[in-house]
Amino acid sequence: MSLEREAIRILRANDRGGFTIPTAGLYPFQWLWDAGFSALGWMKFDEARAWQEFERLFEGQWANGMLPHIVFHRPEATYFPGPDRWGTRHTPPTSGITQPPVVASFVRMMLEQAEDQTLAQTKARALYPKILAYHRWFKRERDPANTGLTNTFHPWETGADNSPAWDEALARVPVDPTLPPYTRRDTSHVDPSQRPHQAEYDRYLSLLEVYKRCDYDQLRLHRECPFRVVSLIIDCVLHRANRDLAWLSARFGFGDEAEIAGWLEASQGAIEALWDEEAGLYYNYDRVQDAPIRVGTSASFLPLYAGTSSPPRAERLVRTLESWAEQVRYLVPSTDPGHPSYEPQRYWRGPVWAIMNYLIAQGFAEYGYPEAAERIHQDTLKLAELSGFSEYYHPTTGAGLGGGEFSWTAAMALWWEVSPWAH
Ligand code: GLC
């Protein structure tokens with residue numbers, strides 16, 4: 001079966017009625033940024049269904065604008081922590097944290113590429129005020145001091161759950177002595193050597209107890225949450241999303257461009273302050289220690305996707321990518337392969353993720369490095385050919401790891417193969 005047909009089969013199999021689960025068993029609900037990538041995939045063979053993905057996602061939006069990272073559309077026993085553990089008050093039930101805000105950018109891409117322009121304009125126009133409310137929430141509640149960067153309160157929000165970038169910050173999170181007992185479900189679906197350690201899980205869940213005690217009041221979390229970082233994935237994705245939101249505002253005549261331009265001015269300089277000249281890449285930042293987190297990750301390339309980098313910095317990033325390419329067979333490993341924390345099979349500590357590859361490659365292409373972009377694209381396709389549409393891949397052997405038949409990996413093959421550099 002061709003890659004394209006197999007990808008369509010997977011998205012259809014993971015469709016639960018207007019929303020796409022990442023993969024059966026391991027992740028049986030709708031996830032925020034997965035929904036964005038899945039929508040891009042659907043766009044290639046069913047445009048109406050693609051727009052519906054976002055409509056279902058926004059069913060989870062909170063009254064304050066926050067878009068949660070999981071919408072529990074209907075009960076499923078195969079996942080933990082479910083709605084009871086989060087204890088949020090929303091119908092349908094949701095988690096209480098967010099995830100990389102890809103939506104505005106993907107809505108713009110979909111609108112620009114849609115064959116059915118009438119449908120696309122109706123859908124994008126209707127989504128616009130909801131996305132704006134979400135971005136206003138980010139600004140108001142995650143960057144109240146207007147630093148230009150947002151505070152992130154959980155490794156799960158970054159999308160890169162157990163990245164070595166969060167090790168030290170997470171290790172400082174006290175394990176809650178009253179933590180209610182729990183049974184992990186992830187390790188019954190996937191080999192534990194490919195998943196986070198137990199010590200990390202205890203802290204992930206201790207953080208949930210902090211949120212509940214703060215009643216999900218973000219302004220309290222800035223003071224009381226022991227885990228506070230700046231995540232390059234969140235802030236770079238948000239910067240680009242704000243550019244695209246301003247574009248949508250102008251396109252439909254909503255008139256919010258000046259407000260959004262103010263956010264962009266702040267984040268432009270603040271993202272660039274995360275550059276490290278000696279390392280030749282960008283670092284995440286620990287807000288508790290007030291210090292950069294000196295671990296190169298695949299997110300270290302995302303200021304290209306944001307569009308904040310200067311040309312000399314883009315050039316340095318190409319060199320950094322080349323030095324990583326000498327150490328692995330397939331790009332882009334999620335952690336610098338020369339770093340002592342690199343683990344090529346464990347989740348966000350080394351494996352290659354197709355969706356990160358797409359964002360990174362797009363950045364390189366836009367900065368005028370089509371060879372780097374195409375190398376990443378080809379590696380992504382080779383991995384899918386070799387090992388199917390896995391959740392993530394071993395950067396040296398190319399083995400498929402984590403969950404199988406994975407929606408966003410399949411979606412990338414569709415969206416990226418048919419129209420590589422149209423954006
Ligand atoms: C894991 C990933 C996260 C993703 C989710 C669903 O938690 O780290 O990025 O959104 O699974 O696929």
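**Cavities, pockets and unusual backbone**

Q: Which helices each supply at least two residues of the lining of the second largest cavity?
A: H6, helix H11 (232-252) and helix H12 (257-272) each do so in this predicted model. The largest share, four residues, comes from H11.

Q: What makes a residue part of the lining of the second largest cavity, and which residues are they?
A: A lining residue has an atom within 4 Å of a point of the cavity. His135, Phe138, Lys139, Asp143, Gly148, Thr150, Asp235, Leu238, His239, Asn242, Trp263 and Ser267 line the second largest cavity, therefore each of them has an atom within that distance.

Q: How are the residues of that lining divided by class?
A: The lining has three nonpolar, six polar and three charged residues. Lys139, Asp143 and Asp235 are the charged ones, because Asp and Lys count as charged. Gly148 goes with the polar residues, because Gly is placed in that class. The space in this cavity comes to about 120 Å³.

Q: Why is the largest cavity called a cavity and not a pocket?
A: In a cavity a 1.4 Å probe fits but cannot get out, whereas a pocket is an open set of points. The space of about 280 Å³ counted as the largest cavity is therefore closed to that probe. Among its 26 lining residues, the closest to the centre are Tyr27, Trp31, Gln99, Asp161 and Tyr347. By class the lining holds 16 nonpolar, four polar and six charged residues. The structure has four cavities of 30 Å³ or more.

Q: What makes Tyr27 a residue near the ligand?
A: A residue is near a molecule if one of its heavy atoms lies within 4 Å of it. Tyr27 is one of the residues around the ligand, so Tyr27 has a heavy atom within that cut-off. The others are Pro22, Trp31, Trp33, Asp34, Gln99, Gly159, Asp161, Tyr347, Trp348, Phe406 and Trp408.

Q: Why do the atom pairs of Tyr27, Tyr347 and Trp348 with the ligand count as polar contacts?
A: A polar contact is a pair of N or O atoms within 3.5 Å. An N or O atom in the side chain of Tyr27 is 3.3 Å from a ligand oxygen. For Tyr347 the distance from such a side-chain atom to a ligand oxygen is 3.2 Å, and for a polar side-chain atom of Trp348 it is 2.9 Å. Each distance falls within the cut-off, so each pair counts.

Q: How do you know that helix H2 is largely enclosed by the rest of the structure?
A: Buried means under 20% relative accessible area. Twelve of the twelve residues of H2 are buried, so the helix is largely enclosed. Among them are Leu32, Trp33, Asp34, Phe37, Trp42 and Met43. Of these, Trp33 and Asp34 are also listed around the ligand.

Q: What is the span of H2 from its first C-alpha to its last, set against the expected value?
A: H2 (residues 32-43) reaches 17 Å, close to the 16 Å expected at 1.5 Å a residue.

Q: Why are Asn146 and Asp215 called partly exposed?
A: The class lies between buried, under 20%, and exposed, over 50%. Asn146 has 47% relative accessibility, so it is partly exposed. Asp215, at 45%, is therefore in that class too.

Q: What makes the backbone of Asn146 and Asp215 worth listing?
A: Most residues other than glycine have a negative phi. Asn146 has a positive phi of about 50°, and phi of Asp215 is near 55°. Asn146 is in the loop between helix H6 (117-142) and helix H7 (167-171). Asp215 is in the loop between helix H9 (198-213) and helix H10 (218-224).

Q: Which peptide bonds are cis, and where do they lie?
A: Most peptide bonds are trans. The bond from Thr91 to Pro92 is cis, with omega near -5°, and Pro92 is in the loop between helix H4 (83-86) and helix H5 (103-113). The bond joining Leu331 and Val332 is cis, with omega about -5°. Val332 is in the loop between helix H14 (311-325) and helix H15 (354-366).

Q: Which pocket has Asp215 in its lining?
A: Asp215 lines the second largest pocket, together with Trp62, Ala63, Asn64, Gly87, Thr88, Arg89, Tyr211, Lys212 and Tyr216. The volume of this pocket is about 170 Å³. Its lining divides into four nonpolar, three polar and three charged residues.

Technical notes
Residues numbered from 1 in each chain as written. Predicted model: local features only at pLDDT ≥ 70, side-chain atom pairs only at ≥ 80, totals over all residues. Heavy atoms only, no water. Buried < 20%, exposed > 50% of the residue type's maximum accessible area, 1.4 Å probe, protein only. 1 Å grid on protein atoms, 1.4 Å probe; cavity = no way out; pocket = protein on both sides within 12 Å on 5 of 7 lines; lining within 4 Å. Points joined across faces, edges and corners; volume = space filled by probe spheres on them. Expected span 1.5 Å × (residues − 1). Polar contact = N/O pair within 3.5 Å; in protein donor to acceptor, adjacent residues only side chain to side chain.
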